[in-house]
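Please open the model in a viewer and set the display to show secondary structure. The tour below proceeds by selection, one stop at a time.

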Amino acid sequence: MSQPRIIIVGGGAIGLSLAWELSQRELAVTLIDREQVGKATSWSATGILPPANRQTATDPIDQLRGLSHELFPEWAQKLKSLTGVDTGFRECGAWYLADTVGERAAMIGMTDYWHELEIQCQSVAPTSLSKREPALRQWAQQTKQLAAWWVPQECQVRTPQYLKALAAACQINGVEIVEGLRVCDIVHSDCGALVKTLATADKEKAREFAADAVVISAGAWSGLISPSLRLQQSLVPVRGQILLLKTQRPLFGPIVNVGHRYLVCRDDGHVLVGSCEEEVGFRRETTEPIIDSLRAFAFDLCPDLKDAVEVASWSGLRPMTFDGFPMIGRVPQTSNLFVAAGHFRSGIHLSPGTAVCLADLISGSSPPVDLAAFQVGKQQTAVAGSRQGAREHAE
């Protein structure tokens with residue numbers, strides 16, 4: 001008997017992770033991307049992996065995050081062994097800093113939440129912060145409202161390397177990767193599905209692909225894939241902008257978080273400065289006011305960064321749902337159409353857990369996390385006023 005054919009639409013972190021997971025289960029997989037795999041929103045992410053504890057989690061999103069957090073070290077090692085690509089995964093820990101009354105109140109709530117999940121979080125005096133992180137000493141001494149917390153279980157991954165490793169692993173496992181085609185419609189029945197595409201690159205021509213099942217994982221564009229899915233109102237693109245600096249040596253090891261802004265230092269001295277949240281449709285350009293504000297934030301927090309080389313800046317479109325939960329599961333009233341989208345700021349972090357859970361569902365097994373809370377379609381009727389619930393820290 002021939003292998004079941006699964007088509008995945010969208011080659012970001014979620015699509016690549018799912019393709020790799022399915023390919024290890026003796027399923028034939030074709031991955032279609034309108035551009036290049038691993039080059040859109042997922043590439044623009046900084047790769048922050050906040051702490052999680054699956055053993056104590058009761059909320060579905062915490063359980064999914066906990067599962068992914070467990071899987072990431074295993075995946076990083078396995079990807080390196082298979083492809084030779086180092087994803088840059090490491091448990092670096094993180095500082096969470098508050099320099100306003102509002103940020104301090106929010107962090108007190110966050111620390112209570114972490115303590116309930118039995119996640120390590122330690123309040124640290126500003127004098128201790130100055131000693132442990134000399135690069136932050138000047139800012140710490142000048143900030144009157146400063147409060148600081150040390151969170152040792154926060155991790156990071158070098159996103160471009162992670163995506164490169166996933167793409168290589170997919171190819172090694174026989175995944176067919178098709179780039180430069182935009183899916184314009186999906187015709188489905190209980191017997192299978194037909195994916196229709198339009199060419200977006202000169203080297204490609206419009207094609208049709210037959211499949212036993214189709215998964216939509218095109219991020220913020222997932223709602224525009226096919227009118228028959230009725231997902232047009234389920235996702236909102238939220239732009240985030242990033243500034244990249246480079247110092248001769250790393251100035252600090254841990255991630256430094258101040259509200260939704262952060263500094264992520266790589267081992268080679270690259271420093272990513274982020275971020276913002278803008279609802280501007282599908283516009284992906286950077287803007288001078290935002291980049292200027294990120295630059296000012298970085299220089300104020302770490303004055304030594306004033307001597308850094310400014311390497312680049314970019315933006316990405318995070319896919320946000322109105323209820324704050326990603327869509328993971330089967331499209332209602334279909335037997336072979338699935339969606340994995342709407343992970344907002346957590347697409348990188350949730351990619352292993354999403355891949356395992358959805359691969360189990362497609363394969364007819366019970367996922368390790370109940371996917372009922374992530375059912376597809378409920379966002380269509382959610383009210384826009386609930387958007388604030390979608391905010392969470394990760395990139």
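Select Leu 245 and Val 271 together: Leu 245 stands opposite Val 271, a residue of strand E17. The model in which this pair appears is predicted.

Next, extend the selection to strand E14 (residues 236-246) and E17. These strands run antiparallel and are joined by 4 bridges.

Now add strand E16 (residues 261-265). E16 also pairs with E17 in the antiparallel sense, over 4 bridges. Within this pairing, select Leu 263, whose bridge partner in E17 is Val 273.

Move to the hairpin of E16 and E17, where 4 residues lie between the strands. Select Gly 269, which takes a positive phi near 95 degrees in this hairpin.

Return to E17 alone (residues 270-274). How many of its residues are buried? The strand is mostly covered, with 5 of its 5 residues buried. To examine its faces, select His 270, Leu 272 and Gly 274 on one side, then Val 271 and Val 273 on the other; both faces are covered.

The last stop concerns two helices. Two packed helices are described by the angle between their axes and the distance between the axes. Select helix H1 (residues 13-23) and helix H3 (residues 60-83), which pack at an angle of about 70 degrees with their axes 14 Å apart. H1 and H3 are therefore roughly perpendicular to each other.

Finally, show the side chains where these helices meet. Ser 17, Trp 20 and Glu 21 belong to H1, and they meet Trp 75, Lys 78, Leu 79 and Leu 82 of H3. By class, this contact comprises 4 nonpolar, 1 polar and 2 charged residues.

Conventions: Residues are numbered from 1 along each chain as its sequence is written. This is a predicted model: local features need pLDDT of at least 70, side-chain atom pairs count only at pLDDT 80 or more; totals for chains, interfaces and linings use all residues. Side-chain values use heavy atoms; hydrogens and water are left out. Axes are lines fitted to C-alpha atoms, for helices over the stretch in contact, and angles run from 0 to 180 degrees between N-to-C directions. Helices (H or I, at least four residues) and strands (E, at least two) are DSSP runs, numbered from the N terminus. Angles under 35 degrees count as roughly parallel, over 145 as roughly antiparallel, 65 to 115 as roughly perpendicular and the rest as oblique. Contact means heavy atoms within 4.5 Å. Ala, Val, Leu, Ile, Met, Phe, Trp, Tyr, Cys and Pro count as nonpolar, Asp, Glu, Lys and Arg as charged, and the others, Gly among them, as polar. Buried means under 20% relative accessible area, exposed over 50%, partly exposed in between (1.4 Å probe, protein chains only). Two strands pair if DSSP finds at least two bridges between them.
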